[in-house]
Structure formats: structure tokens, C-alpha cells
Amino acid sequence: MPTVEDYVARIEETCGEEKGVIVTFKYDKKDDAIAKIRKKAQLKNSLSGIIFEFAFRGISFRLFSSGKAIFKGIKSKEAMHDILAALLL
Amino acid sequence: MAYSWGLRNLKNGDEVLVSLMEHHSNIVPWELISKINGFTIKYAKVNNDGTLNYEDFESKFSSKTKIACLSHVSNVSSVVNDVKRIAKVAHEHGALMLVDGAQSVPHMRVDVRDLNMDFLAFSGHKMLGPTGIGVLYGKKEHLEKMEPFQGGGEMIRDVSFRQGREQCDITWNDPPWKFEAGTPDICGGIALMEAVKYLERIGMAEVLKHEKSLTEYAVKRMQECSKVTLHGPSDLSTRCGIIPFTVEGMSSHDVALFFDTYGIMIRSGFHCAQPLHQVFKLQSSARTSFYIYNTREEIDRFIEVLKEIEQV
């Protein structure tokens, strides 16, 4: 049974501006993670083919082709985990 | 310093003087200890361009000032502070001078005797050495008066049990061993020494010259970008190899992750210097920095990506 931890290498809060959370996907799982996110989340905008703006369950986030994403408006670690579980599993 | 020296030497009524451009590591420990000992911390102003307001710093000295703490080089703007000038004023008021050399020692020749600083701290990982190790220089007269920071092996000369009194009489080792309880970070020490030797073989004057050359070139090229705002003083002779910047319409984290996609690593956020960002009236900034291994070709590539970011 896959878990969020199978896909995620690191989760860190940003400092400054509106608080956000940066999620770094595991290198060998990033393509899989990006594909799953693209299926489940609603693509709002694509910038230069590098940044993809998505919306999912009222949360907006930017996914980078490098396998990192910035989520805005996340209230807690548990909420972040729940969003990732819904996107990836 | 805050725990080892401050905890035992500062009391209610005393003052510690720091600047608003300090890294959090030169603010938070003093704030923590002030909550225990009840001394006051005074913050000297920084000008809008990131330079130190020397008049304000010097005006805040009084007979209550016990120690002045100042970055030699800002980790955000790379402004080089005249720590010799501040040390002179500190000593005239009977205060000590602590310099944060984390951003100066790796990048330039620092002469502790000429600058007449009482203490100087710097980190290994900023100068090609390992993480988790750093250096605290102190004048011998101060180190001899100071009590140990932590207790354990090596930092003692003698631990003698007195029967009948049921206690141990302890005498301390000489500095610097007095401050190094337990088995030291041997690997870290050897690795840091090799980093120092490596930099000395290159020559710190050469290191600084290379960084200044790259900084001047990068600033000139970044000024080609209309949506990019550079922060810090325009006089590059007062700066080292760090350039904080913002891109109109993009958060610093988006900028950093965009560069990351191209394998270019820069930093975003407050850079552990939130008060300075308040001075700059910035919610955060992106920061590019250079060292001996960087080249002009890398800056050209950085500018190419920066121009692509402007189009986003």
C-alpha cells in the first residue's frame, strides 16, 4: 500500500510573505507524482512550461517541473499531509 | 557568547547593543538570555540602503553598555561594516566588541588585532568546511576570566574528591580547552583546518578580488532586467559577493524554484534576517551569492534564466 512518504522527500515551511509550504518530491518518484497531480488537480495556468498553477479542494499551489511544489494557505502539517494523500494516493 | 559570557556577566540594568541588520543568530541568543537576566537590548538603526547608521549605533552607547555585537559583513546585503570604528567607541565606553565574522572571514583577510575586536565568531560551512563546527576567537584576557560553557572531560585540570565534605574541588583547564567539554568534533576540526589551508593557499586577497569582480559584473547585468529590483547600497566598493533582489509580480520562493529548475541554487525568504527585511520594507527577497568556484559564464546563465523569469 503506497504512502505519501513514498513520494515526498521533504516538506518545509517558507519564511516571509504569505506563509507557504514547499514540498520536494523524491527524485525517482517525481514524474509519477507530477502525473498523478495533473490528473486530480485543476490546471489554472502554465507558465513557460516550468510552473504549473493548480487548484485542488480550495487550495492553490504551484508545481514546478523540477519536482517541487509550493502550497499556499495550508493550516497545519496534518492538512498538508491530507492534501498530498488525496493528490498522490 | 550569550550563554557562556552573557549569562554570568550581564544583569538587570546592563545593556547589549546590536544592529537591525544582524542575522537572527546574533539577536535570538541575546533575547533569550535577557529574559533570564533582565538586561536590555538596544537595536541600532540601519539606513534604507542597508548600510549601518553609525551615528545611531554610536549614540546608543552609555556606561550601561557591556557589549556591542555587530556583523562584519551583512548576510543579506553584503555591506561591510567598519567594525574597527565601532570597537573603538565600545572600548571608550568600557564595553566589549563581539563581531559576527560568518560572512567576512570566508571572503576577506580579517586581522583581529588591527580591528581590535574582543571576540570574533565564524562558521565552518561558509568557508568550504563542514557544517556543525565554527570558531570563536577571543582575547586571552577575556577567555581566562570566563567560566566554562559546558562541563565534562578535557575542560578540567583537576577534579578532586574531598572525603568528609562529600564534594569535588575542580580547577579548569586553560583556554581554549576550558571551553571544549567532552570528546571534540575531531573530524570537523581537521576538515575545517584543511579548508583554511586551502583558502590561504589561494590567498584571501584573491578570494575577495574574484568575488568583487563577479559581483560588479552580476549587478551590471542584473540592471538589464527591468522587473528586477536590487537591494543594498549602490556603492559596490562597500559590499562583498551577495546581491539581494526581488522580481516584480513574483514571490522570492517562486523565483528560487524557477532557478532551481535550471540547476541554479539561490536562497529565498528572510535569510534569517527578518528585521533587516522590515527596514527594506520587503516581505522577503531572493539572494544570489558568489564564491571562489563561480564564474562569469555562470552569471551569464543566471541572467538568461532571470530574463526568462521576467517574461512569466
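## Interface between chain A and chain B

In this predicted model, the contact between the two chains draws 14 residues from chain A and 16 residues from chain B. About 1,400 Å² is buried between chain B and chain A, and 64% of that area lies on carbon and sulfur atoms. On the side of chain B, the residues that lose the most area to chain A are B:H253, B:D254 and B:L257, which together account for 37% of what that side buries.

Two salt bridges are counted between chain B and chain A. In a salt bridge between A:K68 and B:D260, the side chains meet with an N to O distance of 3.2 Å. Four residue pairs are in polar contact across the interface of chain B and chain A, with both residues of each pair at pLDDT 80 or more. Helix α9 of chain B, residues 252-261, gives the most to the side of chain B that touches chain A, contributing seven residues. By residue class, that side of chain B divides into seven polar, six nonpolar and three charged residues.

## The sheet of chain A

Chain A holds an open sheet of six strands with antiparallel pairing, in the order β1-β2-β6-β5-β4-β3. The edges are formed by β1 (8-13) and β3 of chain A; each has a single partner strand, so one side of each is left without a neighbour in the sheet. Neighbouring strands of this sheet are turned by 20° against each other on average, direction ignored.

Where the edge strand β3 (residues 42-47) of chain A meets β4 (residues 51-56) of chain A, the two run antiparallel and are joined by five bridges. Within this pair, A:F54 in β4(A) is the bridge partner of A:L43. The hairpin of β3(A) and β4(A) has three residues between the strands, and A:S48 takes a positive phi near 60° there. On from β4(A), six bridges join that strand to β5 (residues 59-64) of chain A, again in an antiparallel run. Here A:E53 has A:R62 in β5(A) as its bridge partner.

Helix α3 of chain A, residues 77-88, packs on the sheet and touches β1, β2 (20-25), β4, β5 and β6 (68-72) of chain A. The direction of helix α3 makes about 40° with that of β2(A).

## The sheet of chain B

Chain B also has an open sheet of six strands, in the order β2-β1-β3-β4-β5-β6, and its pairing is mixed. At the edges stand β2 (40-44) and β6 (134-138) of chain B, each with a single partner strand, so one side of each has no neighbour in the sheet. From one strand to the next the twist averages 15°.

Strand β3 (residues 65-71) of chain B runs parallel to strand β4 (residues 96-100) of chain B, and five bridges join them. B:I67 stands opposite B:L96 in β4(B). The pairing of β4(B) with strand β5 (residues 119-123) of chain B is also parallel, over three bridges, and B:V99 stands opposite B:L120 in β5(B). The sense is antiparallel between β5(B) and β6(B), which pair over five bridges. There B:S123 stands opposite B:G134 in β6(B).

Note on methods: Residues numbered from 1 in each chain as written. Chains lettered and ligands numbered in written order. Predicted model: local features only at pLDDT ≥ 70, side-chain atom pairs only at ≥ 80, totals over all residues. Heavy atoms only, no water. Contact = heavy atoms within 4.5 Å. Buried area = accessible area lost by both parts, 1.4 Å probe. Salt bridge = Lys/Arg side-chain N within 4 Å of Asp/Glu carboxyl O. Polar contact = N/O pair within 3.5 Å; in protein donor to acceptor, adjacent residues only side chain to side chain. Helix = DSSP H or I, 4+ residues; strand = E, 2+ residues; numbered from the N terminus. Nonpolar A, V, L, I, M, F, W, Y, C, P; charged D, E, K, R; others polar. Pairing = 2+ DSSP bridges. Axes fitted to C-alpha atoms, helices over the stretch in contact; angles between N-to-C directions.
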